[in-house]
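Work through the following exercises with the sequence and the coordinates side by side. Each task is followed by a solution that proceeds step by step.

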Amino acid sequence: MIEARHLRVLRAVATTGSFSAAARELGCTQPAVSQQMKALESSAGTPLLIRTGREMRLTQAGEALVRHASGILAGLTAAEEEVAAIAGLRAGRVRLVSFPSGSSTLVPTALAALRAAHPGTRVSLVDAEPPRSVEMLRDGDCDVALAFRYDTAGAESEWADLVVRPLLVDRLVGLVPDGHRLAEAGKVAIGDLAEESWIAGCPRCRRQLVEVCESAGFTPRIDFATDDYPAVIGLVGAGLGVAVLPELALESVRPKGARLVTVEPSVHREIVALTLPDLAHVPAVSATLSQLTLAASR
């Protein structure tokens with residue numbers, strides 16, 4: 001294997017014309033130059049220099065290697081600079097995927113702080129709900145996934161192969177139309193809404209709604225289902241049904257024509273940032289995780 005340090009010595013010898021001059025240029029001893037040239041010739045499997053008295057000239061193989069050495073060493077220097085920039089957060093790229101209510105609340109704060117602290121780091125954002133977002137992470141289509149899970153049995157093993165950064169616990173609240181019989185109740189048992197028309201959210205949230213309702217002794221009649229939380233709120237506000245949705249989804253949307261109520265039993269979902277174990281050590285990814293954590297704590 002030809003080493004970069006040996007190429008630097010060869011280039012210095014070719015430029016200066018002697019081992020002693022090359023040693024002075026490189027700041028080392030003449031025996032060290034001689035030793036490294038022997039190692040390079042051994043790696044190349046052929047002589048690279050012809051020594052005639054005090055004169056020294058390159059063989060054909062030596063000329064070829066010197067010709068390539070400049071490009072190789074320049075490319076290596078450029079690579080070292082680029083890696084140093086990434087490691088120092090002067091450059092870098094992070095591909096982030098998030099569910100919509102996270103994209104509209106946690107992500108903007110985190111990315112604004114990341115850009116202010118590390119303007120050379122670029123972040124791209126794509127919306128996807130779990131489990132699709134987690135599949136994208138495992139498939140290498142993103143570097144960080146903002147996801148959530150409900151406090152159900154078996155949830156811990158779902159992400160056992162990933163680095164899990166807990167961010168916050170998000171409570172689910174009820175939403176009923178203004179003028180609804182329970183609009184002023186404050187706290188509402190989920191069973192009191194058994195006869196209502198329901199508006200459900202994403203597939204994972206929809207499944208959780210059905211489980212909670214069935215544990216209360218009824219199956220909800222879901223007339224509308226949409227991943228768009230503003231649409232859920234709009235449908236409730238228009239008097240078309242009731243809904244249970246995360247508080248995080250209400251941070252960026254003002255409910256019109258609808259009233260929030262506390263639903264019992266209480267249901268929560270855990271919001272987390274996920275990445276792969278190897279990616280967790282990449283400076284730009286680590287900085288993104290830190291900023292998401294700070295955004296969730298505000």
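**Exercise 1.** Determine what covers the buried residues of helix 11, and compare the span of this helix with the expected one.

*Solution.* The model is a predicted one, and the cover over the buried residues of helix 11 includes strand 3 (92–98), helix 6 (106–117), strand 4 (121–127), strand 5 (144–150), strand 6 (163–177) and strand 12. The next step is to list the residues that are covered in this way: the buried residues of helix 11 are A284, V285, A287, T288, L289, Q291, L292, A295 and A296. An α-helix has 3.6 residues a turn, so residues three or four places apart point the same way. As for length, helix 11 has 15 residues, and the distance from its first C-alpha to its last is 21 Å, close to the 21 Å expected at 1.5 Å a residue.

**Exercise 2.** Locate H281 in the chain and decide whether it is buried or exposed.

*Solution.* Begin with the secondary structure, where H281 is found in the loop that runs between strand 12 (268–275) and helix 11 (283–297). Its relative accessibility is 69%, and since the cut-off for an exposed residue is over 50%, H281 counts as exposed. Finally, set sequence against space: H281 and A91 are separated by 190 residues in sequence, while their C-alpha atoms are 15 Å apart.

**Exercise 3.** Describe helix 4 by its span, its kink and its packing.

*Solution.* Helix 4 covers residues 60–87, and because its 28 residues should span 40 Å at 1.5 Å a residue, the 40 Å between its end C-alpha atoms agrees with expectation. The helix nevertheless contains a kink of about 30°, which is centred on A69. A69 also appears among the buried residues of helix 4, which are G62, L65, V66, A69, L73 and A85. These buried residues pack against helix 1 (4–16), helix 3 (30–44) and strand 2 (55–58). Beyond the helix comes L89, which has a positive phi near 60°.

**Exercise 4.** For the salt bridges E270 with R149 and E158 with R204, work out which parts of the chain are joined and how accessible each partner is.

*Solution.* A search of the whole structure gives 13 salt bridges. In the pair formed by E270 and R149, the closest N and O atoms are 3.0 Å apart. E270 belongs to strand 12 and R149 to strand 5, so this salt bridge ties together parts that lie 121 residues apart in sequence. With a relative accessibility of 23%, E270 counts as partly exposed, whereas R149, at 7%, counts as buried.

Turning to the other pair, the side chains of E158 and R204 meet in a salt bridge with an N to O distance of 2.8 Å. Distant parts of the chain are again linked, with E158 in helix 8 (residues 155–158) and R204 in helix 9 (residues 203–215), 46 residues apart. Here E158 is partly exposed at 28% relative accessibility, and R204 is buried at 11%.

**Exercise 5.** Classify the accessibility of R221 and D223, and name the residues that are linked with E184 in a network of salt bridges.

*Solution.* The side chains of R221 and D223 form a salt bridge at 3.6 Å, N to O. R221 has a relative accessibility of 44% and counts as partly exposed; D223, with a relative accessible area of 40%, is likewise partly exposed. In the network, E184 is linked with D178 and R259.

How values were computed:
Residues numbered from 1 in each chain as written. Predicted model: local features only at pLDDT ≥ 70, side-chain atom pairs only at ≥ 80, totals over all residues. Heavy atoms only, no water. Helix = DSSP H or I, 4+ residues; strand = E, 2+ residues; numbered from the N terminus. Expected span 1.5 Å × (residues − 1). Bend = angle between axes of the 7 residues up to and from the residue. Buried < 20%, exposed > 50% of the residue type's maximum accessible area, 1.4 Å probe, protein only. Contact = heavy atoms within 4.5 Å. Salt bridge = Lys/Arg side-chain N within 4 Å of Asp/Glu carboxyl O.
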